[in-house]
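Q: Could you take a close look at one helix in this model for me, and then walk outward to the salt bridges and the pocket? I'd like one connected answer rather than a list.

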Amino acid sequence: MTPIIEVKNLTKKFKEIVAVDSVSFSVQKGDVYGFLGPNGAGKSTTIRMMTTLIAPTSGSISFFGKSLERNRKNILSRIGSIIEKPDFYLYLTARKNLRILGELSKADYSNKKIEELLDLVGLLSRADSKVKTYSYGMKQRLGLAQALLHDPEIIILDEPTNGLDPFGMKEIRDLILYLSKEKGKTIFLSSHILSEVEMIANRMVILNKGRVIVEGGVKELLTSSTVTVTYELSPISKALDELLQTQWANNIVRSTKSSVTMTVQNEEVWELTKFFIEKSIQVHSAIPVRSLEEYFISLTSEEANVLVR
């Protein structure tokens with residue numbers, strides 16, 4: 001099956017700085033594709049090349065099996081995007097902004113279509129408010145409505161939940177899933193909120209220092225030989241003292257007044273449980289956790305300072 005997005009050996013240099021270094025990945029039709037990496041990994045630069053805001057130094061980008069370089073106008077007419085923060089006419093209402101943008105893109109900008117979009121992103125009640133009265137999060141929502149104006153097949157979102165409270169983040173997450181599952185849209189999602197990506201993405205790629213370090217299915221990548229386990233133990237002080245005398249001392253991630261969390265190999269989970277029992281330490285529970293955040297940090301923390309929330 002031909003990928004709906006295919007990036008091959010994409011490179012971007014700014015004088016002596018290599019911002020993107022031979023990056024390759026592919027996105028299939030219908031994917032919610034997570035595009036991840038620490039600050040400075042090359043995510044925004046890659047997205048800017050994918051939307052023709054900047055030109056690559058070398059490499060190729062294809063959409064729908066066609067070269068972006070040779071089919072720019074046709075391809076861009078089938079893509080919607082929010083790159084960094086959306087810009088609007090602040091002195092105009094949301095309704096008027098969408099009408100102007102619809103005219104420019106030759107999309108359906110009827111009142112019915114505009115109201116449907118504003119309702120979809122939770123802004124219908126503020127349709128006639130000037131955008132200058134909007135919060136940052138509300139402008140993000142309006143940016144989503146703008147990206148959907150011409151009913152694109154692919155939606156590229158760069159940090160779409162920036163500035164939103166938890167309720168707003170859930171609304172955007174639900175909207176992305178709706179667009180993917182009910183409308184058949186392909187979503188390319190760049191975000192640093194890893195828990196959000198884990199809940200909605202089926203495939204992902206992680207960049208670090210301009211290079212791809214891993215690509216694949218989210219579930220498959222998170223099912224590996226290493227697991228993080230939280231043990232509820234008593235007495236915890238004795239458990240920690242005993243652990244510090246073993247080969248597992250460096251596997252301790254954190255501890256509380258009643259638990260210790262460790263990163264170990266799958267086959268070591270039972271060995272540790274047996275170890276605690278033999279040392280007369282009560283094991284109340286052993287809960288394995290494998291999150292995208294932990295996986296992300298394990299891949300990038302040795303090379304970069306990663307900030308996640």
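**A helix, its salt bridges and a pocket**

A: Let's warm up with a contact between two helices, bearing in mind that this is a predicted model. Arginine 95 pairs with glutamate 115 in a salt bridge, and their closest N and O atoms are 3.0 Å apart. Arginine 95 belongs to helix α3 (residues 94-105) and glutamate 115 to helix α4 (residues 111-120), so this pair ties together parts that are 20 residues apart in sequence. The two ends sit in different accessibility classes: arginine 95 has a relative accessibility of 13%, under the 20% cut-off, so that residue counts as buried. Glutamate 115, at 34%, is partly exposed.

Helix α4 also leads us to the part you asked about, since α4 is among the elements that cover the buried residues of α6. Helix α6 has 16 residues and spans 22 Å from its first C-alpha to its last, close to the 22 Å expected at 1.5 Å a residue. Its buried residues are Gly168, Met169, Ile172, Arg173, Leu175, Ile176, Leu179 and Ser180. Looking down the axis of α6, you find those buried residues within an arc of 160°, so they line one face of the helix. The spacing fits a simple rule: an α-helix has 3.6 residues a turn, so residues three or four places apart point the same way. On the other side of α6, Pro166, Phe167 and Lys181 are exposed.

What lies over that buried face? The cover includes the strands β3 (32-36), β7 (154-158) and β8 (186-190). Helices contribute too, with α4, α5 (136-148) and α7 (194-200) included in the cover.

Helix α6 carries a salt bridge of its own. The side chains of aspartate 174 and lysine 170 meet at 2.7 Å, N to O. Both residues lie in α6 (residues 166-181), four residues apart, which is about one turn of the helix. Neither is buried: aspartate 174 is partly exposed at 35% relative accessible area, and lysine 170 is partly exposed at 40%. Elsewhere, salt bridges with shared partners join Asp31, Arg203 and Glu215 into one network.

In total, the structure holds eleven salt bridges. One more of them is between lysine 8 and glutamate 6, whose side chains come to 4.0 Å, N to O. Lysine 8 is partly exposed, with 44% relative accessible area, and glutamate 6 is partly exposed as well, at 26%.

Now for the pocket. Helix α5, which is part of the cover on α6, also gives two or more residues to the lining of the largest pocket, as do α2 (72-76), β6 (79-82) and α3. The space in that pocket is about 860 Å³. Its lining counts 23 residues, and Leu76, Ile79, Ser105, Gln146 and His150 lie nearest the centre. The element that gives the most to this lining is β6, with four residues.

One last stop is threonine 45, in helix α1 (residues 43-50). With a relative accessible area of 16%, threonine 45 is buried. Leaving out neighbours within four places in sequence, its contacts are Lys12, Phe14, Ala19, Val20 and Ile54.

Notes
Residues numbered from 1 in each chain as written. Predicted model: local features only at pLDDT ≥ 70, side-chain atom pairs only at ≥ 80, totals over all residues. Heavy atoms only, no water. Buried < 20%, exposed > 50% of the residue type's maximum accessible area, 1.4 Å probe, protein only. Contact = heavy atoms within 4.5 Å. Expected span 1.5 Å × (residues − 1). Arc of directions from axis to C-beta. 1 Å grid on protein atoms, 1.4 Å probe; cavity = no way out; pocket = protein on both sides within 12 Å on 5 of 7 lines; lining within 4 Å. Points joined across faces, edges and corners; volume = space filled by probe spheres on them.
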